[in-house]
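Student: Hi! I've got a structure open on my screen and I'd like to talk it through with you. Could you help me find my way around?

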Amino acid sequence: MAKPVLELRRAMSEDYHYEEAVKTLRTNLQFCGRSIKVIMVTSALPDEGKSDISFALAQSLAQIGRRTLLVDGDIRKSVLPARYQIEQEVNGLSQFLSGQRELEEIIYETSEENLSVIFSGPYSPNPSELLEDEACGRMFEALRIGYDCIIVDTPPMASLADGAIIAKRCDGVLLVIESNAISYRLEQKVKSQLEKTGCRILGAVLNKVDIQGKGYYGKYGKYGKYGRYSHYKADRESGR
């Protein structure tokens, strides 16, 4: 029996500047090259906004006709079903990786044209082991065939290994950083973890910027939730 199309609902006010910032991020990623198809989005700590950025980016890519899949890779503490008011029970990644469901049973079409979702599924007591399993690698290889873009939302990396494991399956990674909240030393630790995986660091998103604060242009005061795209890769190559 065919699964119903899921309607993704969230009470968010429209923000022109936020949407334009996401489009800029989308454009920058497109210039990274055709080989960048599976993109991981992560952060150092919880609540830096990576899940919102993941969804906004996936939605933006779908809007330009790219067949896009959003994968919720946080099988420890997912926020997607609650955040987007998914009322029905859905299958997810943890069930596929543990052999309880087939791949086609965990992919959901959504009310957003060209956008599909894989939810995380029920909490797993051994998430790292499931993500390390070859079934995870085979899954990503199969998904590459069916989608133009795959955005993978992962757990924070400061204290969990899950993100580093998933990074090995991805072509590039975006690091979401909450403005004035995270130490330079912690971000360097996460950056080092990512470099060890061999996954290309595409850039960083500076999130939750207070544009009304000192040093920013006051007339763009409402442009505070997203922030800006920072050329993290260029900083890395120059040694800064």
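Student: Is Asn91 buried or exposed?
Tutor: Asn91 is buried, because its relative accessible area is 16% and the cut-off for buried is under 20%. Keep in mind as we go that this is a predicted model.

Student: Where does Asn91 sit in the fold?
Tutor: Asn91 lies in the loop that runs between helix H3 (80–83) and helix H4 (93–97).

Student: And what does the side chain of Asn91 reach?
Tutor: The side chain of Asn91 comes to 3.3 Å from the backbone oxygen of Glu105. There is also a polar contact of 3.1 Å between the side chains of Asn91 and Arg101.

Student: Which residues does Asn91 touch, not counting those up to four places away in sequence?
Tutor: With those set aside, Asn91 touches Arg101, Glu105, Ile106, Tyr108 and Phe119.

Student: Let's zoom out. How many helices and strands are there in the protein?
Tutor: The protein has nine helices and eight strands. Its length is 240 residues, and 51% of them count as buried.

Student: What about the surface the protein exposes?
Tutor: About 12,300 Å² is exposed, with carbon and sulfur atoms supplying 47% of that area.

Student: How much of the contacts comes from residues 24 or more positions apart?
Tutor: Such pairs make up 81% of the contacts with a separation of 6 or more.

Student: Now the interior. Which residues touch the most other members of the largest nonpolar core?
Tutor: Ile118, Leu143 and Ile150 do, in a core of 42 residues. Helix H6 gives the largest share of this core, with five residues. There is also a second, separate core of 32 residues, and among its members are Val22, Ile39, Leu80 and Val117.

Student: Back to Ile118: what is it in contact with, leaving aside neighbours within four places in sequence?
Tutor: Ile118 contacts Leu69, Leu70, Val71, Asp72, Leu93, Leu103, Ile106, Ile107 and Leu143.

Student: You mentioned H6. What should its 13 residues span?
Tutor: Helix H6 covers residues 134–146 and should span 18 Å at 1.5 Å a residue. The C-alpha atoms at its ends are 19 Å apart, so the two values agree.

Student: Which residues of H6 are buried?
Tutor: Those are Ala135, Cys136, Gly137, Met139, Phe140, Leu143 and Arg144.

Student: And what happens at the start of H6?
Tutor: There, Asp133 brings a side-chain oxygen to within 2.8 Å of the backbone nitrogen of Ala135.

Student: Is Gly146 buried or partly exposed?
Tutor: Gly146 is partly exposed, at 34% relative accessibility. This glycine belongs to helix H6. In sequence Gly146 is 79 residues from Arg67, yet their C-alpha atoms are 8.1 Å apart in space.

Student: I always worry about cysteines. How many disulfides does the structure hold?
Tutor: Zero.

Student: Why is there no bond between Cys136 and Cys170?
Tutor: Because the sulfur of Cys136 is 8.6 Å from the one in Cys170, its closest cysteine sulfur, and that is too far for a bond. Cys136 is also buried, at a relative accessible area of 2%. Cys32 counts as buried too, with 15% relative accessibility.

Student: Switching to H2, is that helix enclosed or not?
Tutor: Helix H2 is largely enclosed by the rest of the structure, since eleven of its 14 residues are buried. Among those buried residues are Lys50, Ile53, Phe55, Leu57 and Leu61.

Student: What about the span of H2?
Tutor: H2 takes in residues 50–63 and should span 20 Å at 1.5 Å a residue. Its end C-alpha atoms are 20 Å apart, so that agrees.

Student: What follows H2?
Tutor: Gly65 does, with a positive phi near 90 degrees.

Student: Which residue other than glycine has a positive phi near 60 degrees?
Tutor: That's Asn180. Asn180 sits in the loop between strand E6 (172–178) and helix H8 (184–197), and at 82% relative accessibility it counts as exposed.

Student: And what is the phi of Asn114?
Tutor: Asn114 has a positive phi of about 75 degrees, although it is not a glycine. Look for Asn114 in the loop between strand E3 (107–109) and strand E4 (115–118). Asn114 counts as partly exposed, at 31% relative accessibility.

Technical notes: Residues numbered from 1 in each chain as written. Predicted model: local features only at pLDDT ≥ 70, side-chain atom pairs only at ≥ 80, totals over all residues. Heavy atoms only, no water. Helix = DSSP H or I, 4+ residues; strand = E, 2+ residues; numbered from the N terminus. Expected span 1.5 Å × (residues − 1). Buried < 20%, exposed > 50% of the residue type's maximum accessible area, 1.4 Å probe, protein only. Polar contact = N/O pair within 3.5 Å; in protein donor to acceptor, adjacent residues only side chain to side chain. Core = buried A, V, L, I, M, F, W, Y, C linked by side-chain atoms within 4.5 Å. Contact = heavy atoms within 4.5 Å. Disulfide = S-S within 2.5 Å. Areas by Shrake-Rupley, 256 points an atom, 1.4 Å probe, with all protein chains shown as cover.
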